[in-house]
Each structure stands twice: as structure tokens, then as C-alpha cells.
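Reader: I am new to looking at protein models, and I would like some help with reading one. Could we go through it together?

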Amino acid sequence: MSPNAFLHGDPGRLPFLGHFRADRAWGQGTISVAGRIHSRGDVVRAFRAARLIESAVQSTSLDAVSDRHQALAAVWQQLYTIDACDFGTDNGSDLVVLFVSSDTVGTGISGVGLGGVWALEDDVFAPLVQGDHPLLSGPGRPEQLAGVLTLDQAHGTIVGVPHDHTQPPKSTEWQQKCGVHP
Amino acid sequence: MSAIADLDPRRDLGLIRDRIEQQLVRNEDPGPTLRDLAQRNPIALADLVIGPRAPRDVRWVRCALESIEALEEAIAPNGLYRQLVKLSPTLQEEILRLAARRHPAASWLIELSRQIEGQQAGLIHLTASSGHPSFTQNCWAHAAAGHLPGLIAFTTQSGRPEPAAALAAHKHTDAAAIAIVRALEHSPDAPVVQLVAAAWGPDIRSILRMTLPHLRSKKAALSLQRHGQGYADFDVLLQTIISAMVKS
């Protein structure tokens, strides 16, 4: 089961302004990325920045990657090469992103700007990270990620909520809230 | 000149009605009489416009629309406009236009639009409110009510991106795709793809693919390609179609 990352949208009529999602597979595992950028800015720049991030994830070279940590580091490094001005007027200081990186040994999650992370288990969301966990940092683009939380079991669906809208996901509406349309 | 200057609206309502009807029979302009009444007693005016014994003459109602402020003083707009439409079906579009201009954010306009415009519901309301802060809310309300042809018609004539986003937000994906194309045909720089993504979710490829059968010009297709950058597989598909299109 390859875990997929999703991010809750914001309240309002345009909940997915600046939202992005990308999934990559490499020899022994996968990495899934969901986030938002420039979400309080103008729609054109937010869209451009979001597609730029997706493109960066898709173009990250994962050929030499041998475990989930390296995959995560490679993707983060690729995001870090994007010029700050391409992230919109806030220069990336409003970046919210959830990474879910997995290999044959296990799954790790990381990110910035998150208010909580949940996993869908038997149609119920269980908290993975909430409260004052060190993984829950402010938004932005630090040189290094806050860290990686290794999960003790596999999950197919992992949902993050941004730091400014921390309402937990519900199994009945998480797809709608994350802009997922199966 | 008012034909009722000597009458008291509180006491002589029957006489006032008779004189108005006489004016209409004689083909005289009832405007001065109506304005006199509007100034002196808006409730009496409302009674003589939409009351059970009001003169049934389209000239009278049309004239009354010019004193709509006085009528709104006497009757709540929701009931007033519905009754005006009921009594004067030939003026219904004019009445809806007036209502939309005066109350662009009113929720009752959604149902009234459907009643009057049928398949094209929303066109008059959105046209009238396109410069008002309630415009986006109105697009969402018409999309929620299923007024798809009206939203598309408005997009065709205005090039605004909001209707497409509203349609996508309410899962009317094929209509959203049509609206995307119509918006770009009208205004190639309209941020319609971006707004649909903001309303729908980051992956709008399924909607973008639905636009393809509706593309009628190379110009719109090139605009769509420019705005849809970032969806690589859709870009490849669209490029194939563009290369087969004649210039238009």
C-alpha cells in the first residue's frame, strides 16, 4: 500500500487556491507531496507557484535514492532550488507542505506549516501528529526540514491540515475537503 | 398634471383608482398622478399597483416601476417583485432586471430568475450584478440551483471566469469545461483555469480534458494551453489537437 499525502483546503469559495499535489515512485518506494503556496495571494501567481512545485517534485532525480529518507531529502532539496520570488509575494514564507515518504522498511512523514496530520484507518481518522509535536512548525521554507516522524504501521491515506485551519478531517468528507475527485 | 390632487389617498382610494383608469382609457400619461401618489402615500400607491383591485394595465405598471423606491417603502422587495411579475408577465424581464440592479445580493433572485428566464436563468441577474461585491456569491448560488445554461450564456457574453469556477465547485464538470472555453474565447487572458483549480482542487486534468470537444478556435486552444501549463500530459494532448486545427 503506497501512502498518499493530502492537504485540507481552506474555508471559503476557493479552498484550493495555491494547492498542489504530486506523487513519485522510485525503485523501492514512493513519495507523496501535498501543500499550498501563496494561498492568500492572487489566483494567477498562486496557480503558477503551485504548478511549479509539482513540476519540481516530478522532475526530482530519484535514480540514486536508496531509502525513503534520501527520497525526501532529494525532493526537499529540489524545492529549495526554486527562486523565492517564484513562490509569490511572500517569497515562500507561507509554504505549507506535507511529505509522506515510504520504502520497503516503513513510512515517514514530514512537512512545514502543518497544524496536524491524520491517517485513515478502517474508515476513521486517527491522529498521527497533533498538539505541540515538533513536526508541527510554522509555514515557510527552512533550510532543513523539522524532522521525520516514522510511522509504526502502513497507511494508504494521510491527511494534513494547515496551521491556520486545524479542524480534523472526517472520513465522510475528507476527499471533498482535500479537492480529491475519484 | 396629477389627476388626484384634490383627493385624499387614505379616504378616496376608490375614486383615485377610477381616475387612474379614466386616464388610461383616455391614453393620458399617468406619470404625474403616480408620482403625486408616491410622494403622498406609498402604501396607497402599492395598493393601486399590486393590490387585488389595481388597474390591470401594462402602462400603469411600467409607469409604477419608475417609482420603485416608493413601492419598496411600502412592500418588502421579495413580495413586491414577485407580485409585479405575476400581474405583468409581459414586463417580467424588465422587472427582473430592475430587481437585480436594486438588490444584487438578494437570494430570492435565484428562484425569480428561474421563474422568468427558464433555461437561461441567471443571465439577467449576473449581468446586473457583475460589478457588485455579491457577484461571486451569485455565481455560486446559480450553480447550486443548477442554472447551467444561464451561467454559460453569461460567460459567453462577458468572459468572466467566476461562473466556470462556480460550476466546478458544484461538480457540474462538463458545464465548467464549456464555461472555461467560452471565457477564453471572449477573453484569452481570463484566469479561468486558475480559478477553477482554486475551486475544484489541484488536479483539474479531468475538467481540462472535457474542454477539448468544445474548442472551436485555435486562438482559444492556444490560450487554454498557455493557462494550463503545469499539466504535462494534458499539454501533450492539447498540442496534438492544436496542430490539427486551422487558424481561426
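Author: Gladly! Let us start with an idea we need for the place where two chains meet: a salt bridge is a side-chain nitrogen of Lys or Arg within 4 Å of a carboxyl oxygen of Asp or Glu. Keep in mind as well that this is a predicted model.

Reader: How many salt bridges are there between chain A and chain B?

Author: The count between these two chains is zero. Polar contacts are another matter: three residue pairs, both at pLDDT 80 or more, make them between chain A and chain B. On the chain A side, β2 (19-26) and α1 (43-59) each supply at least two of the residues that touch chain B. The largest share, five residues, comes from α1(A).

Reader: Which classes of residue make up the side of chain A that touches chain B?

Author: Sorted by class, that side has nine nonpolar, three polar and four charged residues.

Reader: And how do I read the size of an interface?

Author: The general idea is that size is often given as the accessible area lost when the parts come together. Here, chain A and chain B bury about 1500 Å² between them, and 70% of that is on carbon and sulfur atoms. In chain A, the residues losing the most area to chain B are R13(A), F47(A) and H181(A), which together account for 43% of what that side buries. You can also count residues: 16 of chain A are in contact with 18 of chain B.

Reader: Which residues of helix α16 of chain B are buried?

Author: First, a general point: an α-helix has 3.6 residues a turn, so residues three or four places apart point the same way. In α16(B), residues 218-227, the buried ones are A220(B), A221(B), S223(B), L224(B), Q225(B) and H227(B). Their cover includes α1 of chain A, along with α13, α14, α15 and α17 of chain B. Try finding those helices on the screen.

Reader: What helices and strands does chain A have?

Author: Chain A has three helices and nine strands. Read from the N terminus, their order is β-β-β-α-α-β-β-β-β-β-β-α.

Reader: Why does the radius of gyration of chain A agree with a compact globule?

Author: We compare two values: a compact globule of 182 residues would have a radius near 16 Å, and chain A has 15 Å, so the two agree. Buried residues make up 52% of chain A. Among its contacts with a separation of 6 or more, 68% are between residues 24 or more positions apart.

Methods
Residues are numbered from 1 along each chain as its sequence is written. Chains are lettered from A and ligands numbered from 1 in the order in which they are written. Side-chain values use heavy atoms; hydrogens and water are left out. Contact means heavy atoms within 4.5 Å. Buried area is the accessible area (1.4 Å probe) that two parts lose on being put together, summed over both. A polar contact is a pair of N or O atoms within 3.5 Å; within protein, one must be able to donate a hydrogen and the other to accept it, and residues adjacent in sequence count only if both atoms are side-chain atoms. Helices (H or I, at least four residues) and strands (E, at least two) are DSSP runs, numbered from the N terminus. Ala, Val, Leu, Ile, Met, Phe, Trp, Tyr, Cys and Pro count as nonpolar, Asp, Glu, Lys and Arg as charged, and the others, Gly among them, as polar. Buried means under 20% relative accessible area, exposed over 50%, partly exposed in between (1.4 Å probe, protein chains only). The radius of gyration is taken over C-alpha atoms; the globule rule is 2.2 Å times the number of residues to the power 0.38.
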